[in-house]
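User: I should like to understand the reasoning behind the terms used for this structure. Please set each term against its criterion.

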2 protein chains.
Amino acid sequence: MTQVIRSSAELREKVATWKRSGMLVGVVPTMGALHDGHMSLVREARKQSDRVIVTIFVNPMQFNNPDDLTKYPRDEAHDLALLEAEGVDVLFAPGVDEVYPNGFATKVSVSGISEPLEGAFRPGHFDGVATVVSKLFGMTQAGRAFFGEKDWQQLQVVKRLVEDLNIPIRIIGCPTIREEDGLAMSSRNVRLTSEERASAPKLHAQMQAAAEAIRAGTPVETALNAAKDALQAEGFGTWDYLELRTADGLRPLESLSEPARMLAAVMLGDVRLIDNIAV
Amino acid sequence: MTQVIRSSAELREKVATWKRSGMLVGVVPTMGALHDGHMSLVREARKQSDRVIVTIFVNPMQFNNPDDLTKYPRDEAHDLALLEAEGVDVLFAPGVDEVYPNGFATKVSVSGISEPLEGAFRPGHFDGVATVVSKLFGMTQAGRAFFGEKDWQQLQVVKRLVEDLNIPIRIIGCPTIREEDGLAMSSRNVRLTSEERASAPKLHAQMQAAAEAIRAGTPVETALNAAKDALQAEGFGTWDYLELRTADGLRPLESLSEPARMLAAVMLGDVRLIDNIAV
């Protein structure tokens, strides 16, 4: 039976009783609209923790685009049923006033790693992420937190912030879960038309092809441009970026001199798709 | 026997053993150069906690003036002797590289309350305070932290930040400790010449006179201007501010309509004195 908690005071009491019995608490922070990607995080949390909290909070502070915030899919009843089935102990689903009460004035920001890629195209996004994640860690007092590699840059920002602020929690990154055709699972995928949905897996396919070309010696820029052109021809819209970066620090890379990640963001119709793979 | 710890990993282990036995940990964050003001915090921490950590870290991030940072008094051996005498369990005195290792990139900032007064005259100061205090709370995992009312605005900033980031710690403000002649104790007082030291208590005396006048019905501006003029005549230098503000939110106040605090910052020779009193 998953207990739904909406107040941080009530959550703190619940967690205190667990901690008094020496239990390790795991948290999976989400914005709801749960899919198999989230559920893989929940299963990992279940394995690695004595008690599991899933948080659902569509955080206004991390949406630079108000329209994206309005359209973000929400279905708590459906989400709760999925969490029940996985034996999650607590669904923490606070309202906006609980997270940002009157007088709220604090911001956590991470420079450097949060500036390129998503940071360049979504101003303020990672400040919103860093702030809400700091709050959720404070509220849940969890010892482990589980994040998807799907949001690779976010995962690096959260790792940096936890190290920098000495927050006593371990951050566990979990592999991206994909549809059978290769499309990375995302809550925003439901907004694709059926035609767009049919084209969407080409993003991952072209990224894989580019990665293979780079590994085989094709210059990075040549390989990335080929992938960009191919997707443009397939009806994809504006590219925000398709880049090769160092895996941890997200510094630009012109050759495979260290562990690398290829990261992409591109419009398909009205939906902004992001993806990333190891190279 | 006070144990000196310099690494946050070692501190974390120490605290973990205390917490496993259910002990409440109190922390007194300082920049060293300890005086009776600090010791009153230590005694309060001793009363309210099972184990007491005093931190000494002269935090470069909160010094807007490099000269002030260089001249800040340091005498760890003397400080340690004082802490031993009070039965402090741990002196945590990390180096700059331990607190801000290579790659450090995170900043905590509090808007609103940190902007006027000290915030206006010391750009970046409260970002430095908020960031290092967040780190020290993470490192010490303390349940209570003790701060002096001498730095009234800092105390309000820290309270705001702890509430906003849901950090599980209670902030205890302790009254300003004064010399017999009324001068608020401060590590910077040792930098006053003997002539300046003789004039310094006039700051507190004039503030008290102004507070009394305001309580008796004198308009706020009239009372504050009289105090400013009197101190100027006594050889005090530039005023940064002398203001009446709401006690918690530090909003400007033109009459005693709610709990009020009078706050001052003024130069005396080369030394910047700050003080505040309830009105």
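**Reasoning from values to terms**

Analyst: In this predicted model, helix H7(A) is mostly covered, with 15 of its 16 residues buried.

User: How do you know that the length of helix H7 of chain A agrees with its number of residues?

Analyst: At 1.5 Å a residue, the 16 residues of helix H7 (residues 125-140) should span 22 Å, and the end C-alpha atoms are 22 Å apart, so the two values agree. After H7(A) comes Gln141(A), which has a positive phi near 55 degrees.

User: What makes the two copies related as by a two-fold rotation axis?

Analyst: A turn of 180 degrees, with a shift of 0.0 Å along the axis, lays chain A on chain B with an RMSD of 0.0 Å. The copies are therefore related as by a two-fold rotation axis. Within chain A, the C-alpha of Val108(A) is nearest the axis, 2.3 Å from it. Both copies use the same surface, since 100% of the contact residues of chain A recur in chain B.

User: What are the domains of chain A, and how many residues does each bring to the contact?

Analyst: The domain assignment gives domain 1 (3-174) and domain 2 (187-278) in chain A. Their centres, taken over C-alpha atoms, are separated by 26 Å. Domain 1 of chain A brings 21 residues to the contact and domain 2 of chain A brings 18 residues. The area buried between these domains is about 1,800 Å², with 54% given by carbon and sulfur atoms. Of the area that domain 1 of chain A buries against domain 2 of chain A, 35% is supplied by Leu117(A), Phe121(A) and Trp152(A), more than by any other three residues. Four salt bridges are found across this interface.

User: Why is the pairing of Asp68(A) with Arg188(A) called a salt bridge?

Analyst: The closest N and O atoms of Asp68(A) and Arg188(A) are 3.0 Å apart, and the criterion requires a side-chain nitrogen of Lys or Arg within 4 Å of a carboxyl oxygen of Asp or Glu, so the pair qualifies. Side chains of opposite charge can pair when their charged atoms come close. Over all chains, the structure holds 38 salt bridges.

User: Why are Arg160(A) and Asp164(A) classed as they are?

Analyst: Buried means under 20% relative accessible area. Arg160(A), at 18%, therefore counts as buried, and Asp164(A), at 1%, counts as buried too. Their side chains meet in a salt bridge at 2.9 Å, N to O. Both residues lie in helix H8 (residues 152-164) of chain A, four residues apart, about one turn of the helix.

User: Which class does Glu44(B) fall into, and which does Lys47(B)?

Analyst: Partly exposed lies between the 20% and 50% limits, so Glu44(B), at 23% relative accessibility, counts as partly exposed. Lys47(B) has a relative accessible area of 67% and is therefore exposed. Their side chains meet in a salt bridge at 3.6 Å, N to O; both lie in helix H2 of chain B, three residues apart. Leaving aside neighbours within four places in sequence, Glu44(B) is in contact with Phe146(B) and Cys174(B).

User: What makes Glu243(B) partly exposed, and how is Arg245(B) classed?

Analyst: Glu243(B) has 26% relative accessibility and so counts as partly exposed, whereas Arg245(B), at 10%, counts as buried. The two form a salt bridge whose closest N and O atoms are 2.8 Å apart. Elsewhere, salt bridges that share partners join Asp68(A), Arg122(A), Arg188(A) and Arg191(A) into one network.

Terms used:
Residues are numbered from 1 along each chain as its sequence is written. Chains are lettered from A and ligands numbered from 1 in the order in which they are written. This is a predicted model: local features need pLDDT of at least 70, side-chain atom pairs count only at pLDDT 80 or more; totals for chains, interfaces and linings use all residues. Side-chain values use heavy atoms; hydrogens and water are left out. Helices (H or I, at least four residues) and strands (E, at least two) are DSSP runs, numbered from the N terminus. The expected span of a helix is 1.5 Å times one less than its number of residues. Buried means under 20% relative accessible area, exposed over 50%, partly exposed in between (1.4 Å probe, protein chains only). Copies are superposed by least squares on the C-alpha atoms of residues with pLDDT of at least 70 in both. Contact means heavy atoms within 4.5 Å. Domain bounds come from an automatic or database domain assignment. Buried area is the accessible area (1.4 Å probe) that two parts lose on being put together, summed over both.
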